[in-house]
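Dear colleague,

Please find the structure below, handed over for your work. A short account of what was found in it follows.

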Amino acid sequence: MFRPARWTRLVPLALAAVLAVGAGSQLPATVQASAPPDRKAVAEQNDELIQLLRVNTPKQSDRKRLTSLDLDLAESAGPAYTDVVAYGKSDLRLLTLAGFTWSVLEDDLEGADREREKADAEYAQAVRNKAVLATLPSGRTAYRQLADFTSNMASLAQQYPTKAKLINLKEKSLEGRTVQGLEISHNVATSSGKPVFLMMGLHHAREWPSGELTIEFAYDLLQNDGVDTRITNILEKSKVIIVPVVNPDGFNLSRTLGYEMKRKNCRITNGQLPTAGQCAQSTNQSRGVDPNRNYSGFWGGPGASTSTTSETYRGPSAFSEPETRNIQSLVSAHQVTTLITNHTYSNLVLRPPGYAAAANTPDETMYKALGDQMAAQNAYTSQKSYQLYDTTGTTEDWSYYATGGLGFTFEHGSSFHPAFSNVPNYYFGSGSTAGKGNRAAYLLAAESTINPARHSVVTGTGPAGAVLRLKKSFTTKTWNGTLLPDVLDTTMIVPADGTYTWHTNPSTRPITIQNGGGTESWTLTCERPTGQVLETRSVTVARGGSVTANLTACSAAF
């Protein structure tokens, strides 16, 4: 299917009147410069007008049929509609030929972004003039660029050296950027054994508030530790990891290079790195892999496209992209008992499964209860992911079924990146949710992280300074039945008193329970710091359970 070049930066024609004035010549009475052409009219004439439509999809079959058209579905849908970004007349014709009707929510998204830029400048000026308060924990008054996220995390690590540690994720992006995160906990350098709460933003490049909310939570935790008893308890009993920008290449293009509707990463050709500047070329605007369709959980199923120009292109294989491999490695190396990946838009708290034909998760009752509790704070709708529309290859459809950690997608607000003045309201709430909002929802998620009834605990004795390792190797089945190798491999150090407490995910994966399989075990090893294994044991522990593993052989040989 032909798709027009998207979000091309239109360069207005500069019309200059050149007056050749000779000696003694007479100037004309008036000189009128031609008005520059109307930008929207030119975009429409060139078939480059980008609109936001609300397409009528009263039946589930309508939504599935719409998904099959490879259009740019916004992450917003209701019982009878699905929002779609339409690029030029070809998308409108496609909708018409498929028998769909719609209303126009925004008839010119580029014009709307120009209005947002104006509103953002006015908001920042009002804060400087003290006409309004800058209420975010960081005091920020405008959307960050990529360099701001990097410098802010570095500053927090420097300012709070015992509580915050800057981390580099395993792989660089396609354009060679280091993807960074921040670990936050009391005694962060020696916080092994604690359960982990992972917060992420900007899987999708155009969803700017998702990164802002993620990093603002980091500021909040560090500034209010010792002041807010809930935060102090969270940092004492857990480790919080934030990754504000999962997709730095796409975000940089969306935020700074005039291609604001960029959603995907910068993969132009499967299996090849892009050349310098290639991703920003107008001819490549629709290229890239959707990171949130590239995880191995049910990869290749409904709600993800095989077309390289589709906004939901799943990639040539699961985990083909460095962005998703980074999160896979991060989750696999930590006992992530709760995960939130932030997105925009539609005011939803989503939980697995991602596609309608799937059965409820084995933890549906607990999962729904936590989702509902968080949604009560931000006034979002708590629901299963497929109730938005079918998706496969998403973050938590892999992470939950592989680890048992409870993963959620938050969809914030009513547009991809609205005026920045909305972000404080998203964070702290407004109207009926004032003083709660997503801040309160995140705190509930963090408190769920440390609740042993929602994960597992391994305790015991071992030699001080020994490295304990919990490992599990398995395969993840994709939609077409391909089995992909996967591994969870986490470590902790035995404390000086020789006793340890390790908060973990259950040893039996939810997908095994759902498929009627038996119990699974962790392989626990006790090692010297050099890596020499001194003792190996199998550990089986259920959600909400605990088990004791005293490593006597390791203690004797250490």
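In this account, a residue is buried at under 20% relative accessible area, exposed at over 50%, and partly exposed in between (1.4 Å probe, protein chains only). Helices (H or I, at least four residues) and strands (E, at least two) are DSSP runs, numbered from the N terminus.

This is a predicted model, in which local features need pLDDT of at least 70, side-chain atom pairs count only at pLDDT 80 or more, and totals for chains, interfaces and linings use all residues. Residues are numbered from 1 along each chain as its sequence is written, and side-chain values use heavy atoms, with hydrogens and water left out.

The mean pLDDT (the predictor's confidence in each residue, from 0 to 100) is 91, and 92% of the residues reach 70 or more. Over residues 1-31, however, the pLDDT is below 50.

Helix H5 covers residues 146-159. Its buried residues are Leu146, Phe149, Asn152, Met153, Leu156 and Ala157. They fall within an arc of 135° seen down the helix axis (taken from the directions from the axis to the C-beta atoms), so they line one face of H5. The face turned away from the buried side carries the exposed residues Ala147, Gln158 and Gln159.

The largest nonpolar core (buried Ala, Val, Leu, Ile, Met, Phe, Trp, Tyr and Cys residues joined through side-chain atoms within 4.5 Å) has 57 residues, and Phe408 is among those that touch the most other members. Helix H6 gives the largest share of this core, eight residues. A second, separate core has 37 residues, including Phe319 and Leu534.

With kind regards

Conventions. Expected span 1.5 Å × (residues − 1). Contact = heavy atoms within 4.5 Å.
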